[in-house]
Amino acid sequence: MNKQTQWFKDAVVYQIYPKSFMDADGDGLGDLRGVIGKLDYLKELGIDVIWLNPCYKNSGVDGGYDISDYRAIAPELGTMADFDELLEQAHKRGIRIVMDLVVNHTSTEHAWFIESKSSRDNPKRDFYIWRKPFEGGVPNGERSVFSGPAWEYDETTGEYYLHMFAREQADLNWENEEVRREVYDMMHWWFKKGIDGFRMDVIDMISKDETVYAVDGGPHRNAFNGPREHEFLQEMNREVLSHYDIMTVGETGSLTTQEALRYANLDGSELSMAFQFEHVEHDNGYLDNGERSKWSTGPMDLLKLKEIMARWQTELHGKAWNSLYWSNHDQPRAVSHFGCDDEQYRVLSAKMVGACLHMMQGTPYIYQGEELGMTNYPFTDVSQSRDVEVYNAWQELVVEQKKITPERMMDCLRYKCRDNARTPMQWTAGVNAGFTEGEPWMPVNPNHTYINAESQVGDPDSVFSFYKKLIALRKQYPVIVHGDFTLLQKEDEQVFAYTRAHEGSTLLVACNFSCEEARLDEAARTRGEMLIANYKEDGDPGVLRAWECRVTLV
Ligand code: GLC
């Protein structure tokens, strides 16, 4: 990252999962030409940057995160000519494009892996992490994030390779300098094409502690944040990032605020910012055996959520940069997770969660459909899932180990599984929500008849118009970009209220995360100029109505 580059600070990013955004050729899968056709919609919304989920050639196992050729577009999504046109058309509209960089692992169909597995003395052998068996079995007890052992046996050479995700996603060996050089070359290649940045997939896993590879039959260890993590990122920064006017965001599930001061330091030595997971995982629950797990739903806990978000706001202020998100392709829908998706409160709470996040310090990310208040899908059976993470977890936790009952697991999938975010974008009330003229690869949410872009774009009271205004406010008021953060009513279980202050102006944000009325303390009482609110009629300045939000300039 060019040390002068700070445009990411006032930018708003819109995330596109291409397979589910818009299908231009009628095969039931979204594609790049579909994205091109919707650029004017994004321009209307007012976003500055698109983060495009992987659209490279892949082996179809994990939503494009299993790349078999980093320099080719997946044929099902289009051609390189389509990509070039997308970049050109986006730039014409003042919209930048950030690509997904998936370099912790490649697909086992990647040419490097095919060579690597062909023999123990192949020059590419050391591109991946191969280990001998331990006492005839796996080298050690390392577990994959997608359930089961992280080691897969390969008969060709009688050794195991490491895969922290699906067995078709082999981990690259970052200790090998040649691997790093290949990755940097590929990054230069994309930057020379004119892309504006990278979102870096599980980037905190590229360096692993050597115990993760030990052939010792030992237990599962932590494969995040290894000893050379920052050395690698600083090298990447020197070799590649610092040469371009770009932004970067690291996906860093293991992140603490202390670590973020290194990954996302404002000195520009590593990345522009990072995605932390604490707030989206604050409500992970417990399996029947008492183990804490993503696959168990704990209720949302506003006190915990506020503590986490306030800590990130205050500890990074002036030192590092936050990314702000409620949802993405790995998370449930924002309104279903943090708001209330029943019809009485959906619109109100979708606006409220939007305001609560967008008035904080950092770069906001809007996941496709969030600006419409799209909701989770009413899944009834695990067979409706299209996600390798879900199949594997079901097999392990429900079928084999019986750590959770099928009913509890289904409740959890409805609440949390990644498929919720991957159902097609709802453009119209018509057939397949206007997403495709073919058979959609994922079912379309039946609520598209009343939750869709067509009905919202021109409606001043819609969630879309509210998001448009949130984005416009960020451009208008420097306090939203630069202000410091003070949490109010810390112990209140309904209200999330805070102030932001910068050069004599103060922003007051008050949000009610409940269906009941909530009282505002003196400090949070509504006063000043109303910038945005989700109720039309002014209310009592000391009371918030159900899911109400008010943002004022004091
Ligand atoms: C990241 C991606 C996720 C993918 C995983 C493996 O967490 O966001 O979708 O499955 O990495 O690449």
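Between which two strands does the loop that holds Q276 lie? In this predicted model, Q276 is placed in the loop that runs between β13 (273-275) and β14 (284-286). The residue has a relative accessible area of 6% and is therefore buried, the cut-off being under 20%. A polar atom of the Q276 side chain lies 2.6 Å from the backbone nitrogen of E278. Beyond residues up to four places away in sequence, Q276 touches T252, L255, W312 and Y325.

Q276 also takes part in enclosing an internal space, since it is among the residues that line the largest cavity, a set defined by atoms within 4 Å of a cavity point. The structure contains four cavities of 30 Å³ or more, and the largest of them has a volume of about 80 Å³. Its lining consists of Q276, H279, M309, W312, Q313, N322, S323, L324, Y325, L357 and M360. Two elements, α8 (302-316) and β16 (323-324), each supply at least two residues of this lining. The greatest contribution comes from α8, with three residues. W312 and Y325 thus appear both among the contacts of Q276 and in the lining of the cavity.

An open site is also found in the model. The largest pocket has a volume of about 1300 Å³. It is lined by 44 residues, and V145, F146, E281, K294 and E389 are those that lie nearest its centre. At least two lining residues are supplied by each of β15 (292-297) and α11 (388-400).

The nonpolar interior was examined next. In soluble globular proteins, nonpolar side chains tend to be buried together. The largest nonpolar core comprises 140 residues, of which M187 and F513 touch the most other members. With residues up to four places away in sequence left out, F513 touches M300, L302, L305, F338, M352, V353, C356, Q494, F496 and W547. Apart from the largest core lies another, of 16 residues, which includes F379, V398, I404 and M410.

Helix α3 (residues 80-92) was considered in terms of its length, ends and packing. At 1.5 Å a residue, its 13 residues should span 18 Å, and the end C-alpha atoms are 18 Å apart, in agreement with that expectation. The N-terminal end of α3 is capped by T79, a side-chain oxygen of which lies 3.3 Å from the backbone nitrogen of A81. After the helix comes G94, whose phi is positive, near 75°. Within α3, the buried residues are D82, F83, L86, L87, Q89 and A90. An α-helix has 3.6 residues a turn, so residues three or four places apart point the same way. The buried residues of α3 pack against both helices and strands, namely α1 (32-37), α2 (39-45), α5 (177-193), β2 (49-52), β4 (67-73) and β5 (96-101).

Helix α6 (residues 229-239) was treated in a similar way. Its buried residues include E229, H230, F232, L233, E235, M236 and N237. These pack against β5, α5, β11 (197-200) and α7 (257-263). The elements β5 and α5 are therefore packing partners of the buried residues of α3 and of α6.

A further buried position lies in a loop. I129 is found between α4 (111-118) and β7 (130-131), and its relative accessible area of 2% makes it buried. Its contacts, not counting residues up to four places away in sequence, are W151, Y160, Y161, L162, D171, L172, N173 and Y213. The C-alpha atoms of I129 and H337 are separated by 38 Å, the two residues being 208 residues apart along the chain.

Two loop residues other than glycine have a backbone conformation that merits description. Most residues other than glycine have a negative phi. K402, in the loop between α11 and α12 (406-416), has a positive phi near 50°. Q489, in the loop between β18 (484-488) and β19 (495-502), likewise has a positive phi, near 45°. As to solvent accessibility, K402 counts as exposed because its relative accessibility is 61%, whereas Q489, at 10%, counts as buried.

Methods: Residues numbered from 1 in each chain as written. Predicted model: local features only at pLDDT ≥ 70, side-chain atom pairs only at ≥ 80, totals over all residues. Heavy atoms only, no water. Helix = DSSP H or I, 4+ residues; strand = E, 2+ residues; numbered from the N terminus. Expected span 1.5 Å × (residues − 1). Buried < 20%, exposed > 50% of the residue type's maximum accessible area, 1.4 Å probe, protein only. Contact = heavy atoms within 4.5 Å. Polar contact = N/O pair within 3.5 Å; in protein donor to acceptor, adjacent residues only side chain to side chain. Core = buried A, V, L, I, M, F, W, Y, C linked by side-chain atoms within 4.5 Å. 1 Å grid on protein atoms, 1.4 Å probe; cavity = no way out; pocket = protein on both sides within 12 Å on 5 of 7 lines; lining within 4 Å. Points joined across faces, edges and corners; volume = space filled by probe spheres on them.
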